[in-house]
Amino acid sequence: MFLDCDISAAAGYTSQPQISRVLSEKWFKENGYCLSCDNDGLSQTPANTKASDFVCGQCSESYELKAFKVRPARTLVDGAYNALMSSILSGSVPTLMLLERNDKWQIQGLTAVHRLFLTPGVVEKRRPLSLTARRAGWVGCNIRLDLIAPDALIQVVNLRNETDKEFVRERFQKLNRLRAIPLSSRGWATLTLRVIRSLNRSEFLLEEIYAQEPLFAAFYPRNNNIRAKIRQQLQVLRDLGYLEFRGSGKYLLII
Ligand SMILES: [Zn+2]
């Protein structure tokens, strides 16, 4: 992986968004690889394909590239709310690839956000554009990265250091197990995982997860039996190989 962009590719372009798009896409096309299988090259999708920039010809995993000078920690501004929600609901939402570069277009970081963690609960609707705007009434959205379990974020390049490709793929492919959970309950499972990760240790008690009941209630205000749902999600995570039950309300995170 070369960690410098070929700036000459942007010759002739004057607008910053265009320059950013041309340079980041060229770099990713030459250096990106599939995280979900052993394919070392990705194909760029036609320019007008909605919300997906690259696809793996071998396993069809799709990727959307976004470039930043500084990667946002909390809020990722995305496009149309309805378009993102329908791609989530249909299961076609791509994995996000967040590229960080400096002024000289040297790649500082590349972080994947696994698509199975992009659930309706992490999408925030923005206010419709005002009537005086060119696209009056258009509704955009934000992806709330801070609401996503840290598991979903995989650093492919970190502080100009490339992470071992096999390690990256192993982590990504472990997350593919979440495919077994239907979208209707995947938000619960990933929220439970986020709460467990926030404890910062591998051994924990059921009581500690129950203590976060207000957080679950904020996400699912219509659910009247949150504790039962939490226990069910712990079983789901156990069945997927994330947890071990140790008895007497004790659990061990093993991934
Ligand atoms: Zn692939």
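The following paragraphs describe a predicted model, moving from its domains to one of its sheets.

The domain assignment divides the protein chain into domain 1, residues 7–179, and domain 2, residues 184–253. Taken over C-alpha atoms, the centres of domain 1 and domain 2 are separated by 28 Å. Ten residues from domain 1 and eleven residues from domain 2 take part in the contact. On the side of domain 1 that touches domain 2, six residues are nonpolar, two are polar and two are charged.

Attention now turns to an open sheet of three strands, arranged in the order β11-β13-β12 with antiparallel pairing. Strands of a sheet pair through backbone hydrogen bonds, in either a parallel or an antiparallel manner. Here, β11 (203–205) and β12 (243–247) occupy the edges; each has a single partner strand, and therefore one side of each is left without a neighbour in the sheet. On average, and with direction ignored, neighbouring strands of this sheet are turned by 30° against each other.

The pairing of β12 with β13 can be followed in greater detail. Strand β13 comprises residues 250–253 and pairs with β12 in the antiparallel sense over four bridges. Within this part of the structure, F245 stands opposite Y251 in β13. Helix α7, formed by residues 226–239, packs on the sheet and touches both β12 and β13. The direction of helix α7 makes about 120° with that of β12. Strand β12 thus appears in two settings: it stands at an edge of the sheet, and it is touched by helix α7.

How values were computed:
Residues numbered from 1 in each chain as written. Predicted model: local features only at pLDDT ≥ 70, side-chain atom pairs only at ≥ 80, totals over all residues. Domains from an automatic or database assignment. Contact = placed C-beta atoms within 7 Å. Nonpolar A, V, L, I, M, F, W, Y, C, P; charged D, E, K, R; others polar. Pairing = 2+ DSSP bridges. Axes fitted to C-alpha atoms, helices over the stretch in contact; angles between N-to-C directions.
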